[in-house]
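Welcome, and thanks for opening the viewer. Get your selection tool ready, and we will walk through this structure one stop at a time.

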Amino acid sequence: MTRPANGKTGSKAKSKANGKTGSKAKGKKRGPTARKRRNGRRRISVGPFWLVAVLVIIAAILALPYLRREIHESGAPVPELAFSCGEFTIDISHYQKDIVWDSLMVITDSKGKTTTDITRARRMKPVTGVVIKASEGRESSDPCFAQHWEGAAAFGIRRGAYHFYRSSKDPVAQARNFIKTVGQLRYTDLPPVLDVETIHPGCSRKKLNEGILTWLRLVEKEYSRKPVLYSSESFLKDYIDPEILADYPVWVAHYGVEKPLFESWRGWQFTDRAVVYGVEGKVDLSVFR
């Protein structure tokens, strides 16, 4: 039911609006505003955004030492003999895609460990050679070989190529695969390398050595240079004939020692866990004399 605008109810409401209740309400509304103007300050509410921002900044500050440790990685130590007797060489494949060719450097800290942190350097020596994976087995070739091969040459790094030998595959076909992949060698290039690390089940020692010798002779005939045989200390001892070791230079892999037991080495790979300035991640590091 609608009540008349000038009736009893309307008059009572009007008098309340002009009375004590109205004045009191008006005073409460004006008071806080006046105080804010007198103080010249306004309250700022700290919301969830600001809280999250503060927490992120604190977390970043606390994480700085760990981030620096990740960027400047440490690796395996360098034996004293390696620093004094020859030139440093790394071997790479498609696992090392981005290489800063003009910055390759072996840096060691106060503990003799390899590092990429120049501020911690105690000794520094440039990497002067790189051996690049070219081929494997009968038909396989490394997808990054051409890129690495040209990159090393463009920056004056002595380069060499290696073939990963499969004892289950025809050695003649493997030699042809290597020659086809590498092409011609410059006189400044390192000798070809045969990487022998495995023997397949059922393969005799005699058959393994016959295949290795076939590959070495075919590649030697192609390039008129004696190839280098790469293998571990134990594999050389257990599987490779002394006649081959006497006739071809040996690049031996022997880790965690001050010098390799195989004394007639031309190259010594002393770690596969080094960090080298200019290469991301862990790499194989060798010295050649």
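**Stop 1: a patch on the surface**

Start by selecting Leu51, Leu55 and Ile58, which make up a nonpolar patch on the surface with about 290 Å² of accessible area together. Before going further, please keep in mind that this is a predicted model. Now pick out leucine 51 alone: helix H3, residues 48-71, is where leucine 51 sits. Is leucine 51 buried or exposed? Its relative accessible area is 52%, and exposed means over 50%, so leucine 51 counts as exposed.

**Stop 2: the largest pocket**

Next, show the protein as a surface and look for the largest pocket, which holds about 450 Å³ of space. To find its centre, select Asp91, Tyr162, Asp195, Glu197 and Asp284, the closest to that centre of the 23 residues in the lining. Which strands should you colour here? Try S2 (87-92), S7, S8, S9 (228-232), S10 (250-253), S11 (265-275) and S12 (282-288), since each of these strands supplies at least two residues of the lining of the largest pocket. If you then colour the lining by residue type, you should find ten nonpolar, six polar and seven charged residues.

**Stop 3: the second largest pocket**

Move on to the second largest pocket, with about 310 Å³ of space. Select Arg158, Leu190, Pro191, Arg266 and Phe288, the residues nearest its centre among the 16 that line it. Strands S2 and S5 (123-136) each give at least two residues to the lining of this second largest pocket. Which of the elements provides the largest share? The answer is S5, with three residues. By type, the lining of the second largest pocket has eight nonpolar, three polar and five charged residues.

**Stop 4: along strand S5**

Stay with strand S5 and select valine 127, which has its place there. Valine 127 is buried, its relative accessible area being 3%. Now add phenylalanine 88 to your selection. How far apart are valine 127 and phenylalanine 88 in sequence and in space? In sequence 39 residues separate valine 127 from phenylalanine 88, while their C-alpha atoms are 5.0 Å apart in space.

**Stop 5: salt bridges**

Side chains of opposite charge can pair when their charged atoms come close. How many salt bridges does a search of the whole structure find? The search finds eight, and we will visit some of them.

Begin with lysine 133 and glutamate 136, whose side chains form a salt bridge at 2.6 Å, N to O. Lysine 133 is buried at 13% relative accessibility, and glutamate 136 is buried too, with a relative accessible area of 19%. Add Arg166 to the view, and you have a network of salt bridges that links Lys133, Glu136 and Arg166.

For another pair, select aspartate 189 and arginine 159, which form a salt bridge with their closest N and O atoms 2.9 Å apart. Aspartate 189 is in the loop between helix H6 (171-182) and strand S8 (193-195), whereas arginine 159 is in strand S7 (residues 158-164), so this salt bridge ties together parts that are 30 residues apart in sequence. Both aspartate 189 and arginine 159 are buried.

Then go to glutamate 220 and lysine 226, where the side chains meet in a salt bridge at 3.6 Å, N to O. Here glutamate 220 is partly exposed at 23% relative accessibility, and lysine 226 is partly exposed with a relative accessible area of 35%.

**Stop 6: a serine with a positive phi**

Select serine 224 next, in the loop between helix H7 (205-223) and S9. Most residues other than glycine have a negative phi. Serine 224, although not a glycine, has a positive phi of about 55°. Serine 224 counts as exposed, at 65% relative accessibility.

**Stop 7: lysine 97 and cysteine 144**

For the last stop, select lysine 97 in the loop between S2 and strand S3 (105-108). Lysine 97 is partly exposed, with a relative accessible area of 49%. Which distance do you get when you add cysteine 144 and look from C-alpha to C-alpha? Lysine 97 and cysteine 144 are 7.2 Å apart in space, C-alpha to C-alpha, and 47 residues apart in sequence.

How values were computed
Residues numbered from 1 in each chain as written. Predicted model: local features only at pLDDT ≥ 70, side-chain atom pairs only at ≥ 80, totals over all residues. Heavy atoms only, no water. Salt bridge = Lys/Arg side-chain N within 4 Å of Asp/Glu carboxyl O. Buried < 20%, exposed > 50% of the residue type's maximum accessible area, 1.4 Å probe, protein only. Helix = DSSP H or I, 4+ residues; strand = E, 2+ residues; numbered from the N terminus. Patch = residues over 30% accessible without salt bridge, like charges linked within 9 Å, V, L, I, M, F, W, Y side chains within 5 Å. Areas by Shrake-Rupley, 256 points an atom, 1.4 Å probe, with all protein chains shown as cover. 1 Å grid on protein atoms, 1.4 Å probe; cavity = no way out; pocket = protein on both sides within 12 Å on 5 of 7 lines; lining within 4 Å. Points joined across faces, edges and corners; volume = space filled by probe spheres on them. Nonpolar A, V, L, I, M, F, W, Y, C, P; charged D, E, K, R; others polar.
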